Amino acid sequence: MARRKKVEFAQIWQQRITKAEKFRQDDFDGPFRPHLARRWFEGKQRPESGVPDGEWITVNKIYSHLLTELPALYGIDPYFYVKVKKSYKPDPETIQGFEAKGKIREAYLNYLKGELALKAKARLAILDAEFSFGVLKCHVSSAEEENPERGQPLTDENDEPIVDDETGKPLMHPDTLVAGAEYKVTRIHPDNILWDRDAGPLEDDWTWIAQKIELTRSQAEADKSLSARAVESAQRKPRREEDPGRQSLTTSARVTPIDPDDEVLSLWEIYDIKRLRWLKMLEGADVLAMDPEPLPAGIEKHPFCVLRFVLRDRSPYPIPPVSQALDQQRELNEARTKALIHRKRFNRKYEVVSSLLESEDELDKLVVGDDGTIIQVQQLGAVSPIRDAPLDQQTYTEISAINRDFLELMGPSPDALQISRADSATEAAIVDQRLEIREGDKLSIVTDWIIEAGRKIDQLVQAHITRDEAVRVIGPSGEEMWELVSAESYEDIAGEFEYSVNVGASQPRVPQVERSQWLAFLQVLGQFPQLMTSRRLMAHMASLHHLEDETMIQELVQIGEQMSQQLAQGAGQEGGGVSPVAGVNPENPITSILGAALGANGGANNEPVPSA
């Protein structure tokens, strides 16, 4: 009875996966064409037929746009902050201890982001989100070591052998034991992620989420977590679609033994969000590859961080940004190709008055003659070239319209071409503001996604850390330091931590601009040292310039206090107020140079953004 129940359970999940795959094809892959968008990003835009060799031009606007947008979304690894969000014990000493633990967790998290190559994987996942959606998987890979008690029966507290209920045979110690945990962040291709067919746009509406993993038979047999019966009965399929040309192989080539690595098994790793369990299923197998088990330690619901730029009404699959520009990309290529063909066309035609030629042999010179051929005529005007029809001006008008469509659909590049084409300064300012809002919204989505990845990594460390470790980390001020990370720092607290990064910290920086802005602000401080006495103001201005050196901020505050005292003493001795500073507008002295100090950062709010 138990075996029949296992078979039925495996069949239920086979049907769920099949229905979810059909739902994805009808709801996402078909309408939004993510595979076509990827090929076109790589420049593979030439039609398969209908265009002669050398008569096609590809103007890859998708490529150029994404390469200018990607650095703005993730150019530099952000610095993670871990702070106490809530404590159930309103005890200052207790909270101070939690803050100290948060600093250690913060240091280790920033150490791990470099060790795990977060930047390269995050950038690749951001590109995935332009075509479909991006996925990072935060998980643990456990190392194994040989079990000294392998082959011996398992015993209970009375030293009696433990017997398997189904086979009646004693259970044996495994050959290997888990030796340690290795933290991992893996970029998962969006083609290998599947939601249940009834899932909605928000995680609260997800019943389960699954990842597809392709394994060779030898890899599946070596994985001890998979059922041997499931591996034996699983459906094998080619690693990739067969080439059409392979069908024309000779008989001797067809009888060559097949490489076993050319065939793969499709394994689905399924996370049942509603029941907080996970299982594994091999396609075609009559039993589950791994029966449902509680979620691995350190994982809440599932290990995936999903980046989606535009959510939809009733589907977990988003609207990919590039999907909206595929038609414009095709039209632009066709229009430019049309102009190319017309420009290269050479089709000589002449009007000839044959009676005015010296002989009929002169006609042959028109047909086969090269440049500089001389034709003898009896009178000028005997031979007249027929002008080719010019290309319609509407073609060039359409090309300009298509370029404008790209800017509206895909968003601007950093040079903001629309601003230079604005009819007035007011219009340019409005366009510029809207561009910043659009880019800022996309950046905030990426920031929230990275914060979620940091939170999941920290939770994995909390669940698996077993020993103290001294690691070298780079603080927010850029200084290298050693930090002792202990297992005690990851003990559960009577409260919870929050995770944050600085908005814009991942954007590329222009050192010359930031240096000039910071020097301008120091000029303000030199003329108005009272400003330095406000630690909050100094911390905020430093964060605007991506400076997080707390020691420097403290020193500036002390300098401001000393300068303020000196000015007060000088004013008291002279019996009057402080004289105005030379070269500063007496009506509004501070604003005359404050704009230069703030620069492009003047209207930005780059305070650390907490996680939701």
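**Notebook: a predicted single-chain model**

**Overall surface and fold.** I began with the surface of the chain, which exposes about 35900 Å²; carbon and sulfur atoms supply 50% of that area. I note that the model is predicted. I then looked up burial and found that 36% of the 612 residues count as buried. The chain holds 17 helices and 16 strands. For contacts with a separation of 6 or more, I recorded that 75% join residues 24 or more positions apart.

**Helix α3.** I turned next to α3, residues 61-73. Its 13 residues reach 18 Å from the first C-alpha to the last, close to the 18 Å expected at 1.5 Å a residue. The buried residues that I listed here are Ile 62, His 65, Leu 66, Glu 69, Leu 70 and Leu 73. Viewed down the axis of α3, the buried residues fall within an arc of 130°, so they line one face of the helix. At the N-terminal end I found Asn 60 as the cap of α3; a side-chain oxygen of Asn 60 lies 3.5 Å from the backbone nitrogen of Ile 62.

**Helix α5 and the loop before it.** I checked the span of α5, residues 118-131. Its 14 residues should cover 20 Å at 1.5 Å a residue, and the end C-alpha atoms are 20 Å apart, which agrees. Among the buried residues of α5 I noted Leu 118, Ala 122, Ile 126, Asp 128, Glu 130 and Phe 131. Ala 117 lies in the loop between α4 (92-115) and α5. I recorded a positive phi of about 55° for Ala 117, although it is not a glycine. Most residues other than glycine have a negative phi. Ala 117 counts as partly exposed, at 37% relative accessibility.

**Strand β7 and its partners.** I examined β7, residues 263-272, for burial. Nine of its 10 residues are buried, so the strand is largely enclosed by the rest of the structure. I then traced its pairings.

- β5 (residues 208-216) runs antiparallel to β7 and is joined to it by nine bridges; I found Leu 215 opposite Leu 265 in β7.
- β6 (residues 236-238) pairs with β7 in the antiparallel sense over three bridges; the bridge partner of Lys 237 in β7 is Val 264.
- β8 (residues 277-282) pairs with β7 over six bridges, again in the antiparallel sense; Glu 269 stands opposite Lys 280 in β8.

I also looked at the connection between β7 and β8, which form a hairpin with four residues between them. Leu 276, in the turn, has a positive phi of about 55°.

**Glu 362.** I located Glu 362 in helix α10, residues 361-368. Is Glu 362 buried or exposed? Its relative accessibility is 6%, and since the cut-off for buried is under 20%, Glu 362 counts as buried. I then asked what surrounds this side chain. A polar atom of the Glu 362 side chain lies 3.1 Å from the backbone nitrogen of Gln 376. Leaving aside neighbours within four places in sequence, I listed Leu 357, Ile 374, Ile 375 and Gln 376 as the contacts of Glu 362.

**Lys 301.** My last entry concerns the loop between β9 (290-294) and β10 (304-307), where Lys 301 lies. Phi of Lys 301 is near 70°, a positive value in a residue other than glycine. At 34% relative accessibility, I entered Lys 301 as partly exposed.

Notes: Residues are numbered from 1 along each chain as its sequence is written. This is a predicted model: local features need pLDDT of at least 70, side-chain atom pairs count only at pLDDT 80 or more; totals for chains, interfaces and linings use all residues. Side-chain values use heavy atoms; hydrogens and water are left out. Helices (H or I, at least four residues) and strands (E, at least two) are DSSP runs, numbered from the N terminus. The expected span of a helix is 1.5 Å times one less than its number of residues. Buried means under 20% relative accessible area, exposed over 50%, partly exposed in between (1.4 Å probe, protein chains only). The arc is that of the directions from the helix axis to the C-beta atoms. A polar contact is a pair of N or O atoms within 3.5 Å; within protein, one must be able to donate a hydrogen and the other to accept it, and residues adjacent in sequence count only if both atoms are side-chain atoms. Contact means heavy atoms within 4.5 Å. Accessible areas come from the Shrake-Rupley method with a 1.4 Å probe; for residues, only the protein chains shown count as cover. Two strands pair if DSSP finds at least two bridges between them.
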